[in-house]
Amino acid sequence: MSRWHSNVRYLAGLILVLSVLPVAAHEGHGDELPWEACQALEKSAQCAYTNSHGDVYRGTCRVFSGGLMCVRNQPIIHGEVQQTDSHKDYDALHQGASESGTGEGL
């Protein structure tokens with residue numbers, strides 16, 4: 001196969017992949033928390049919810065797909081991430097390599 005054919009196949013594949021990305025972005029919200037945050041509220045009411053990572057999302061209730069959903073309009077307040085022992089080991093190993101400048105231990 002010639003180089004020209006390879007380039008055309010690559011370009012066609014790239015266009016195909018990029019054309020489906022916007023579709024996935026508009027499929028809707030995968031989490032029920034924004035919907036639940038506005039169940040007992042009215043349109044434009046202040047709302048907030050916390051995800052499973054402890055991040056707090058604050059915003060206002062907006063009509064979306066026939067129901068009210070909490071739409072974030074403030075910065076996310078990130079929860080504390082608890083490190084597991086394996087993360088601590090990795091961090092300690094990485095820190096040691098950084099201090100020695102050798103890159104060993106990674």
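Let us start with one pair of residues: Cys47 stands opposite Gly59 in strand E2. Keep in mind as you look around that this is a predicted model. Cys47 itself belongs to strand E1, and E1 covers residues 46–50, while E2 covers residues 56–64. These two strands run antiparallel to each other and are paired over 5 bridges. The hairpin that connects E1 and E2 has 5 residues between the strands, and there Gly54 takes a positive phi near 85 degrees.

Now move to the other side of E2. Gly59 has a bridge partner in E3 as well, namely Arg72. Strand E3 spans residues 67–72 and pairs with E2, again in the antiparallel sense, over 6 bridges. Another position to look at here is Val63, which stands opposite Leu68 in E3. The hairpin of E2 and E3 has 2 residues between the strands, and in this turn Ser65 takes a positive phi near 55 degrees.

Put the pieces together and you have an open sheet of 3 strands in the order E1-E2-E3, with antiparallel pairing. E1 and E3 are the edge strands, each pairing on one side only. From one strand to the next, the twist averages 45 degrees. As general background, the strands of a sheet pair through backbone hydrogen bonds.

With the sheet in view, we can turn to the cysteines. A disulfide is a covalent bond between the sulfur atoms of two cysteines. How many disulfides does the structure hold? There are 2 disulfides in the structure. Our starting residue takes part in one of them: Cys47 and Cys70 form a disulfide, with their sulfur atoms 2.0 Å apart. Cys47 lies in strand E1 and Cys70 in strand E3, so this pair ties together parts that are 23 residues apart in sequence. The torsion about the S-S bond of Cys47 and Cys70 is about 95 degrees, so this disulfide is right-handed. Both Cys47 and Cys70 are buried.

The other disulfide joins Cys38 and Cys61, whose sulfur atoms are 2.1 Å apart. This link is left-handed, with -95 degrees about the S-S bond. Here too the pair links distant parts of the chain: Cys38 sits in the loop between helix H2 (33–36) and E1, whereas Cys61 is in strand E2, 23 residues apart. Are these two cysteines buried or exposed? Cys38 has a relative accessible area of 2% and is therefore buried, and Cys61, at 0%, is buried too. If you number the bonded cysteines of the chain in sequence order, the pairing reads 1-3, 2-4.

Cys61 is a good place to pause. Leaving aside neighbours within four places in sequence, Cys61 is in contact with several residues, including Cys38, Leu41, Cys47, Leu68, Met69 and Cys70. Cys61 also belongs to the largest nonpolar core, a group of 7 residues: Ala37, Cys38, Cys47, Tyr49, Tyr57, Cys61 and Cys70. E1 and E2 each supply at least two residues of this core.

Next come the aromatic rings. Such a pair is described by the distance of the ring centres and the angle of the planes. The count here comes to 2 aromatic pairs. In one of them, the rings of Trp35 and Phe64 have their centres 5.8 Å apart and their planes at 45 degrees, so the pair is tilted. Trp35 is in helix H2 and Phe64 is in strand E2, 29 residues apart, and the pair thus links distant parts of the chain. Trp35 counts as partly exposed at 22% relative accessibility, and Phe64 counts as partly exposed at 39%. In the other pair, Tyr49 and Tyr57 are stacked, with 5.1 Å from centre to centre and 5 degrees between the planes. Both of these tyrosines, Tyr49 and Tyr57, are buried.

Our last stop is Ile77, in the loop between E3 and helix H3 (85–100). Which residues does Ile77 touch, not counting those up to four places away in sequence? They are Gly54, Asp55, Val56 and Arg58. The C-alpha atoms of Ile77 and Tyr57 are separated by 6.8 Å, although the two residues are 20 residues apart along the chain. With a relative accessible area of 41%, Ile77 is partly exposed.

Methods:
Residues are numbered from 1 along each chain as its sequence is written. This is a predicted model: local features need pLDDT of at least 70, side-chain atom pairs count only at pLDDT 80 or more; totals for chains, interfaces and linings use all residues. Side-chain values use heavy atoms; hydrogens and water are left out. Two strands pair if DSSP finds at least two bridges between them. Helices (H or I, at least four residues) and strands (E, at least two) are DSSP runs, numbered from the N terminus. Axes are lines fitted to C-alpha atoms, for helices over the stretch in contact, and angles run from 0 to 180 degrees between N-to-C directions. Buried means under 20% relative accessible area, exposed over 50%, partly exposed in between (1.4 Å probe, protein chains only). Contact means heavy atoms within 4.5 Å. A disulfide is a pair of cysteine sulfur atoms within 2.5 Å. A nonpolar core is a set of buried Ala, Val, Leu, Ile, Met, Phe, Trp, Tyr and Cys residues joined through side-chain atoms within 4.5 Å. Rings of Phe, Tyr and Trp (its six-membered ring) pair if their centres lie within 6.5 Å; planes under 30 degrees apart count as stacked, over 60 as edge-to-face and the rest as tilted.
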